[in-house]
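Please examine the sequence and the three-dimensional structure below before reading the notes that follow them.

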Amino acid sequence: MLANKEITPSELTEESISLAKRYASLNCFNVINEEAAIAQSRNLSFDSNNLLSCIPIAHKDLFCIKDLETTCSSKILEGYKPPYTATVVKNLENAGCITIAKTNMDEFAMGSSNETSYFGNVHNPWLKNHVPGGSSGGAAASVASGIVPLATGTDTGGSIRQPAALCNLTGLKPTYGRISRWGMIAFASSLDQAGPIAHTAKDCAIALDAMTGHDSKDSTSLHLGKTTTLETLEKHTSLTLGIVKEFNGQLSAEMELAFQKSIMTYQSLGYKIKEITLPNIKYSVPTYYVIAPAECSSNLSRFDGVRFGFRSKNIQNLEDLYVKSRSEGFGNEVKRRILIGTYVLSAGYYDAYYKKAQQVRRLIAEDFNSAFKECDLILTPTSPGTTFAFDSKGSKDPTELYLEDLFTIAANLAGIPAISVPQAFVNNLPSGHQLIGPHLSESAILQTAHHFQLNSDWHLKSPSMESFL
Amino acid sequence: MTWEAVIGLEAHVQLSTKTKLFSRASTSFGADPNTNVNLVDCGLPGVLPTVNREAFYKAIRFGLAIDATINQTSHFDRKNYFYPDLPKGYQITQMERPIVLGGFVEINVDGIKKIINITRAHLEEDAGKSIHDADPNNSLIDLNRAGTPLLEIVSEPEISSAKEAVAYMKALHQLITFLDVSDGNMSQGSMRCDANVSIRKAGSQELGTRTEIKNINSFRFIEKAINFEIKRQIRVLESGDKIIQETRLYDSVKDETRPMRTKEFANDYRYFPEPDLLPIVISNEEIEEIKNNFPELPKHKKIRYLNDLQLSENDAEILSSTKSLSVIFEELLNTGNNAVLAARWLVGDVSALLNKDQIEIEESKLDAKLISELLKNIENNTISGKIAKEVLEECYQTGASPNSVIESKGLKQITNTNELQSILQDIVNANPEQVNQFKSGKDKLFGYFVGQAMKATQGKGNPELINKILRELLAK
């Protein structure tokens, strides 16, 4: 439409912002970048050679953007305006994207339902009072509702893929190190990876190619140039897809049916299906819930009330400054994970927990290496179920919610890329399947997902949005 | 009962890199508070560290000099604790796999040589500074120092006296300054140490309970603090009490060590590998490069000074062991000065002036150019050695160049033969009695005539010419 001059860049931006306001009850944004976005759209001229030119985008509220409030949906960062911009945001802006808003999320990306946000729950556009998934819940809701065509998310244990599945979107977690973490507020440094959430694999490919590339400011950034997944998107080779033996029997009958339909679609396109084994995969959730809290307990130490963010009013001494600022500033789930992390790193427990978890992490990575000798990609469900009602999971036992990431966590532990692709609805609600590939196999993953989408129409369905007007 | 002390030292050496260990902010000393600080040093949300390889090269240079093992793959760990001048709430350090392992340093106390083994040396970032006395209501934080690279050098507990501890620290100081690992400036905190001190009955193999004296920043205080602590521990044990394992501070004003504010709970630093940094891999080529550009060590310098330059043992020792003098000496050699003469002046008169004011040469107004000018004037007989001392003192006080001092004070040596001839003839004429005595064999009187000559020329007469002309006149 931009190319045919049916709409100007500023009209598109304004439309996106007006939708954001119209669907305010979704609560998917922490801040709307109205003035700056409109000013930017007026200065930009459309570049027909550039697929992201003048495209409105929403960034998860843990990417630092200079002078724009960045909170991680936490009270402790309420009002915080960073003095610099994250590399990934810069890369997308350089590609032509216009930042419309910062999206709501689970506090510090800790959660799978977006219910831990200090700024309240985000609704699933498909069903009010139901979760959009998490932690990139606001990002998924902002795309699913049609406010923006593209959003950034981050994925530490499934935080892009699970909300994508629950909102009928395509969400990619790239290989660890593909996308710079500079300016992305850390949850668990060795697991965090940014990625795109969009309607289709093609949109994800376009976004990924803009987001990637080596960044000297991030030591863990891979020494590779930008990906070129769009160029190879149409190259369809009928690969062998591995089905994980250990995941058998983990799904309800309806979810299993939707997943089987996906398998049949791939088979009909010539893909070979092969059962593979990941013997240590059963340890992935407990392993994750040692490593991620350990890293977060340290990463979140800088939120101490000294230099920025929330500081408790009622301070007598240094101890007070720390204890009160952090007790009042962090929410329960964040505190829970800091406590777990502090415990597993403590003298006398380190070997039994953290060290052991790192050993298991290596075993899980080796399991994948062996499996990829048997198959090209691994096909699994993305999440055990569809969206669920607010306060229905994890309110009594938080570990109930941790199982949401059963299928997604292992890819983070192994540092390998994975995508969630919309598949058959279950009880009229979206569900997704996941394709996991070896290191740096983003092209193959996107090709396969794209191939599936050329032969299915689930990803084309959109919610009515009536209940949010 | 006789007691013996068991001492281990942890020396913290600030590396002389231009930028910080994990950020590209400057490490310069004395900048306004919080000006040598960037996003990374502030520990802002979302920032990441990147490694300054130069710090590794310096650490490796130190490791090679003490015959240590270099861990070509080392990694960083996080040491977690809260303090306002520690912006991230953790310090990035090397716990599990330090860059330097083992090695040794030789010390010499009262002529007795001893080997002190090094346990390890690792890289870590320094913290900022808390300032408690600048504002009546608030503590202030200066993050200029935060992230400055430190090399922590840990010795085995093989040091047995305060004297040995000082000798060990001096040996380290010499190494790090000659290797250009650090400027070694202790008054600016470039080198400081923690001392672990315990005592046991002489001959016993068991270790006693130790205390740790934190942050001692001068050789003198190291000696005093350790001596105080040894005496204190002896007093405690001999009165039947027990030593409490604790951290103590040395108060130089009261000359005593005191327990630091006791913490209710011991700190648990919850070390774990730093996930924001990959392991640091140093290639063989990098090691080779460091070896090829290895600075000359004091012990090798001394041999060269003795053998190639024919310096005296004393001059060679002093010039090879003091970095600042050595640098000036090498510059004097490069500008074509006579080595023996240069050495004699540096070790002699120049050092005497510096010692009087207790300063290093780089803190004085003297530099290689100035001294070279002075030496050239001596060598080409423009001034005598005696006058040169006067000129040097003047230059030292004012910073003026020797040429201008000689010029303005009219100190130029009289080398005009005719002029001297007439002055000396006058002296001979005025002292007929002495001339006769000299001629009758009282050789010692020659000195009398020289003295008279110097008096008459106000010391400016060229001694050699005076000798020559006098002999001629007296032989007549």
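The following briefing describes the two chains, their contact and some selected residues.

The structure is a predicted model, in which local features need pLDDT of at least 70 and side-chain atom pairs count only at pLDDT 80 or more, while totals for chains, interfaces and linings use all residues. Residues are numbered from 1 along each chain as its sequence is written, chains are lettered from A and ligands numbered from 1 in the order in which they are written, and side-chain values use heavy atoms, with hydrogens and water left out.

**Chain A**

- Chain A contains 14 helices and 11 strands; helices (H or I, at least four residues) and strands (E, at least two) are DSSP runs, numbered from the N terminus.
- The radius of gyration of chain A is 21 Å, which agrees with the value near 23 Å for a compact globule of 469 residues. This radius is taken over C-alpha atoms, and the globule rule is 2.2 Å times the number of residues to the power 0.38.
- Along the principal axes, the C-alpha atoms of chain A fill a box of roughly 70 × 60 × 45 Å.
- Of the 469 residues in chain A, 64% are buried. Buried means under 20% relative accessible area, exposed means over 50%, and partly exposed lies in between (1.4 Å probe, protein chains only).
- Among contacts in chain A with a separation of 6 or more, 74% join residues 24 or more positions apart; a contact means heavy atoms within 4.5 Å.
- Chain A has an accessible surface of about 16700 Å², and carbon and sulfur atoms hold 51% of it. Accessible areas come from the Shrake-Rupley method with a 1.4 Å probe, and for residues only the protein chains shown count as cover.
- Chain A carries 41 positive and 46 negative charges, whose mean positions are 4 Å apart. Lys and Arg count as positive and Asp and Glu as negative, whereas His and the chain ends are not counted. Each charge is placed at NZ of Lys, CZ of Arg, CG of Asp or CD of Glu.

**Chain B**

- Chain B contains 16 helices and 17 strands.
- The radius of gyration of chain B is 30 Å, but a compact globule of 476 residues would have one near 23 Å.
- The box filled by the C-alpha atoms of chain B is roughly 95 × 55 × 55 Å along the principal axes.
- In chain B, 49% of the 476 residues are buried.
- Residues 24 or more positions apart supply 69% of the chain B contacts with a separation of 6 or more.
- About 23200 Å² of chain B is exposed, with 49% of this area supplied by carbon and sulfur atoms.
- The 57 positive and 67 negative charges of chain B have mean positions 4 Å apart.

**The contact between the chains**

- The size of an interface is often given as the accessible area lost when the parts come together.
- Chain B and chain A bury about 2800 Å² between them, and carbon and sulfur atoms give 59% of this area. Buried area is the accessible area (1.4 Å probe) that two parts lose on being put together, summed over both.
- On the chain B side, Pro45(B), Phe82(B) and Arg270(B) lose the most area to chain A, together 23% of what that side buries.
- The contact involves 39 residues from chain A and 31 residues from chain B.

**Helix α6 of chain A**

- Helix α6 of chain A (residues 201–211) is largely enclosed by the rest of the structure, because 9 of its 11 residues are buried.
- The buried residues of α6(A) include Ala201(A), Cys204(A), Leu208(A) and Met211(A).
- These buried residues pack against α3 (87–94), β4 (150–155), β5 (170–173), β6 (193–198) and α14 (442–454) of chain A.
- Gly213(A), just after α6(A), takes a positive phi of about 120°.

**The loop between β3 and α4 of chain A**

- His130(A) is found in the loop between β3 (98–103) and α4 (137–144) of chain A, and His130(A) is buried at a relative accessible area of 19%.
- Beyond its neighbours within four places in sequence, His130(A) is in contact with residues including His123(A), Phe388(A) and Phe390(A).
- Ala109(A) also lies in the loop between β3 and α4 of chain A. Ala109(A) is not a glycine, and its phi is positive, near 70°; Ala109(A) is buried, with a relative accessible area of 2%.
- Ser135(A) belongs to the loop between β3 and α4, and the peptide bond from Gly134(A) to Ser135(A) is cis, with omega near 10°.

**A loop residue of chain B**

- Asn34(B) lies in the loop between β1 (3–14) and α1 (39–42) of chain B.
- Asn34(B) has a positive phi of about 60° although it is not a glycine, and Asn34(B) is partly exposed at 36% relative accessibility.
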